[in-house]
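Welcome, and please open your viewer. We will go from stop to stop, selecting a few things at a time and looking at what is there.

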Amino acid sequence: MIEAINLNKSFGNKQVLKNFSFKFEKGKPNLIIGESGTGKSVLLKSMVGLLELDSGEVLYSGRDFLKMNFKEKKLIRKEIGMLFQGGALFDSMTIEENVVFPLSLFTDKSAEEKRERANSCLQRVNLENVNKLYPSEISGGMKKRVAIARAISMEPEYLFCDEPNSGLDPKTSILIDELINDLTYELNITTIVITHDMNSVLEIGDHIAFLYKGEKCWEGNKQEILHTDNKELNDFVYATKFLRNFKDKLK
Amino acid sequence: MKIFYHIGRYFILLSRVFSKPEKSIIYRNRFFEEVNSLGIGSLGIVAIISVFMGAVITIQAAFGFESPWIPLYAVGLATRDSIVLEFSPAIVSLILAGKVGSSIAGEIGTMRVTEQIDAMEIMGVNSAAYLILPKILAFMFILPFLIIISMFLAMIGGLVFGVLTGAVTPHQFLYGIQYDFRPYNVFYALVKVVVFAFIITSVSSYHGYYTKGGALEVGRSSTKAVVYSSIVLLFFDLLLTQLLLA
Ligand SMILES: Nc1ncnc2c1ncn2[C@@H]1O[C@H](COP(=O)(O)OP(=O)(O)OP(=O)(O)O)[C@@H](O)[C@H]1O
Ligand SMILES: [Mg+2]
């Protein structure tokens, strides 16, 4: 479980996060949704320490991340797997080397064991026969999957995903969502997924925070989200005319 | 005042670069990769520049020395001294600052803007040490060899073109090259070169590592890397010459 308490973050005089608090629960995907530019990526990066928060507490199973010294932070980071918005695969390395990379640095596994682990992670995300290719040689959807494989190779306790399905067709998106969902339940980890895709929300949204202009202005699950009377959230959920008409008809 | 900000941040980065590595075997492999890409990869350009540089210096020296009072072997001697003292160590390093510096800043800058560096940090890797330390050490190790090769090729270039253009005879040139040879000068050149290698790699890495934005800024970082490493290099050239030769 990760608890975020009163997070504030500004760039210059522009406040991006305003008193954000949320409990990210263990064993299920926690979604953060919101329009582009509301501060979702900033929230994620602040929670893992890539950006410095102005104030607030981030508790990883009760341990306050921001109060830790450099060494303790490093230990926590080994429990974190992260999927970046752009994939962030190392493009000078092959797919296999990408997945093996954290294992080589932080475990004493033999080359054979590392390869096995990498293969099992790649198989888990349904990728085969790509081990020797470079990131530039595979498709966007495959890159996301490699990034997931890399993120889970160290058996993380916490998995952060920044828009795992942006730029993918609806079918592949759902596959990625399901993958993240299944992994979360399978490994019993705390997963945080950023998305602005309503399909994902309805598919895996067991616990959702809606971020609006840096503030959390709603939380709930996928059943509740369709019937909320929060105006901003309604605008977000029923973004198209088609959906608005559809909703009116249902009423 | 911005300059103090950069100098401060540069030294903070260096302190991270030289902190204890996670696993030394990985760093050893990275070191040899970099020796290969920074060093062996620069061999071609070093060879071409050196041969032409040597030829031009020889022809110019011969042109300047067309006087009955100066013995003809002086051409060889002048060529040797210019090459050993300044042309090979400083000019070749400057050109490599362009080649190596822009490639380092481009590579690290791209990794920064595509979040590859963040990805490393999240894994708990000291990205500064992992990316930069092998480059610095590899270039400090390999550049002296490149420069020795450069000196050698420059003198060959001088000999061949000097003889072909009729500026000197082989005998005079070879005699001049060996006349009053001081090994200390080569030592001085190599000391300079090790310092230059450190400057080129660390300054370029600095500019790459702190790139912000996108592809446009990566280009800017590369340019800055070349400009600043060249300026710092020339400044240290002056300083070391004063310290070691005066
Ligand atoms: N390093 C930074 N410096 C200054 N401002 C920043 C920085 N990073 C983000 N911002 C600002 O913070 C705001 C939130 O950005 P963020 O990347 O978190 O949006 P997002 O919700 O992830 O959007 P998207 O869905 O498009 O990824 C934006 O207005 C952006 O301009
Ligand atoms: Mg984002």
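One definition before we set off: a residue is called buried when its relative accessible area is under 20%, exposed when it is over 50%, and partly exposed in between. Keep in mind as well that this is a predicted model.

**Stop 1: the magnesium ion**

Select ligand 2, the magnesium ion, and show the side chains around it. Which protein atoms act as its donors? They are OG of A:Ser41 and OE1 of A:Gln85, at 1.9 to 2.4 Å from the ion. Now colour chain A by element: A:Ser41 is in helix α1, residues 40–47, while A:Gln85 belongs to the loop between β6 (80–83) and α3 (95–106), so the pair ties together parts that are 44 residues apart in sequence. Is A:Gln85 buried, partly exposed or exposed? Its relative accessible area is 33%, and because that value falls between the two cut-offs, A:Gln85 counts as partly exposed.

**Stop 2: A:Lys143**

Stay in chain A and select A:Lys143, which you will find in helix α5. With a relative accessible area of 30%, A:Lys143 is partly exposed. Next, add A:Gly87 to your selection. Along the chain, A:Lys143 and A:Gly87 are 56 residues apart, yet their C-alpha atoms are separated by 6.4 Å. Which residues touch A:Lys143, if we leave aside its neighbours within four places in sequence? Show A:Leu89, A:Pro135 and A:Ile138 to see these contacts.

**Stop 3: A:Asn126**

Now select A:Asn126, in the loop between α4 (111–124) and α5 (140–152) of chain A. If your viewer reports backbone angles, look at phi here: A:Asn126 has a positive value of about 60°, although it is not a glycine. Is A:Asn126 buried or exposed? It is exposed, because its relative accessibility of 58% is over the 50% cut-off.

**Stop 4: A:Val237**

Our last stop in chain A is A:Val237, in helix α9, residues 231–237. A:Val237 is buried, at 4% relative accessibility. What surrounds A:Val237, apart from its neighbours within four places in sequence? Its contacts are A:Met198, A:Ile225, A:Leu226 and A:Leu243. Pick out A:Ile225 from that group: A:Val237 and A:Ile225 are twelve residues apart in sequence, and 7.9 Å lies between their C-alpha atoms.

**Stop 5: chain B as a whole**

Hide chain A for a moment and show chain B as a cartoon. How many helices and strands does chain B have? You should find nine helices and zero strands. Rotate the view to get a feeling for the extent of the chain: the C-alpha atoms fill a box of roughly 70 × 40 × 35 Å along the principal axes. Chain B has 246 residues, and 48% of them count as buried. If you switch on the surface, chain B exposes about 11600 Å², with carbon and sulfur atoms supplying 74% of that area. Among contacts between residues at least 6 apart in sequence, 86% join residues at least 24 apart.

**Stop 6: two helices that pack**

Colour helix α4 (residues 73–113) and helix α9 (residues 215–245) of chain B. At what angle do these helices pack? The angle is about 145°, and the axes of the two helices are 8 Å apart. Their crossing is right-handed. Sorted by class, the contact of α4(B) with α9(B) holds twelve nonpolar, eleven polar and two charged residues.

**Stop 7: from α4 to α7**

Keep helix α4 of chain B in view and select B:Ala74, which lies in it. B:Ala74 is buried, since its relative accessibility of 12% is under 20%. Now select B:Tyr175 in helix α7 of chain B, a partly exposed residue at 42% relative accessibility. From C-alpha to C-alpha, B:Ala74 and B:Tyr175 are 9.0 Å apart, with their positions 101 residues apart in sequence. Then try B:Gly76: its C-alpha atom is separated by 7.2 Å from that of B:Tyr175, 99 residues away along the chain.

**Stop 8: B:Asp180**

Finish at B:Asp180, in the loop between α7 (170–178) and α8 (183–209) of chain B. Like A:Asn126 at its own stop, B:Asp180 is not a glycine but has a positive phi, here of about 50°. B:Asp180 is partly exposed, with a relative accessible area of 46%.

Notes:
Residues are numbered from 1 along each chain as its sequence is written. Chains are lettered from A and ligands numbered from 1 in the order in which they are written. This is a predicted model: local features need pLDDT of at least 70, side-chain atom pairs count only at pLDDT 80 or more; totals for chains, interfaces and linings use all residues. Side-chain values use heavy atoms; hydrogens and water are left out. Donors are N, O and S atoms within 2.8 Å of the metal (3.2 Å for Na, K and Ca); water is not among the atoms, so sites may look incomplete. Helices (H or I, at least four residues) and strands (E, at least two) are DSSP runs, numbered from the N terminus. Buried means under 20% relative accessible area, exposed over 50%, partly exposed in between (1.4 Å probe, protein chains only). Axes are lines fitted to C-alpha atoms, for helices over the stretch in contact, and angles run from 0 to 180 degrees between N-to-C directions. A crossing is left-handed if the near helix is turned anticlockwise from the far one by less than a right angle, and right-handed if clockwise. Ala, Val, Leu, Ile, Met, Phe, Trp, Tyr, Cys and Pro count as nonpolar, Asp, Glu, Lys and Arg as charged, and the others, Gly among them, as polar. Contact means heavy atoms within 4.5 Å. Accessible areas come from the Shrake-Rupley method with a 1.4 Å probe; for residues, only the protein chains shown count as cover.
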